[in-house]
Amino acid sequence: MIHVYMDDWRACPPGFVLARSGEECLLLLKECEVDILSLDFDLGWGQPNGLDLVHAMINDALFPRRIFLHSSSIAGRQSMYQALYASKPESVELSSGPVPPELLQAAAESAQE
């Protein structure tokens, strides 16, 4: 099981696999079992954004166990949250904010084992 951090600019936290685009993130969701997924909205000028990824996840029923939204775009974060909330399975945990520090620490520690 892996943790995925999708962002085109920020550094990837320890214990996470970095996806720099929605396409990379979708591939990881298709090929791996994902526990934590942390999403950004803005993924570079002229590139599909986080909401485009969310729509693809919903369309293909590709859901991790837990989803966090670390985007600094308030409108983008709200759009992704609303789409996910309306479509996610009940078992999927969804947070409109970033991964909490204690969970980041646990992911980093488990990657060292």
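This report describes strand β3 and its surroundings in a predicted model.

Residues are numbered from 1 along each chain as its sequence is written. Local features need pLDDT of at least 70 and side-chain atom pairs count only at pLDDT 80 or more, while totals for chains, interfaces and linings use all residues, and side-chain values use heavy atoms, without hydrogens and water.

Helices (H or I, at least four residues) and strands (E, at least two) are DSSP runs, numbered from the N terminus. Strand β3 covers residues 34-39; 6 of its 6 residues are buried (under 20% relative accessible area, 1.4 Å probe, protein chains only), so β3 is largely enclosed by the rest of the structure. Two strands pair if DSSP finds at least two bridges between them, and the table lists the partners of β3.

| Partner of β3 | Bridges | Direction |
|---|---|---|
| β1 (residues 2-6) | 4 bridges | parallel |
| β4 (residues 66-69) | 4 bridges | parallel |

Within these pairings, M6 stands opposite L39 in β3, and I36 stands opposite R66 in β4. From β3 the chain passes through helix α2 (residues 50-60) to β4 in a right-handed β-α-β crossover, meaning that, with the strands pointing away from the viewer, the path from the first strand over the helix to the second runs clockwise.

The largest nonpolar core, a set of buried Ala, Val, Leu, Ile, Met, Phe, Trp, Tyr and Cys residues joined through side-chain atoms within 4.5 Å, has 23 residues. Those with the most contacts inside this core are C25, L37, L39, M57 and I67. Helix α1 (22-31) gives the most to this core, with 4 residues.

Methods. Buried means under 20% relative accessible area, exposed over 50%, partly exposed in between (1.4 Å probe, protein chains only).
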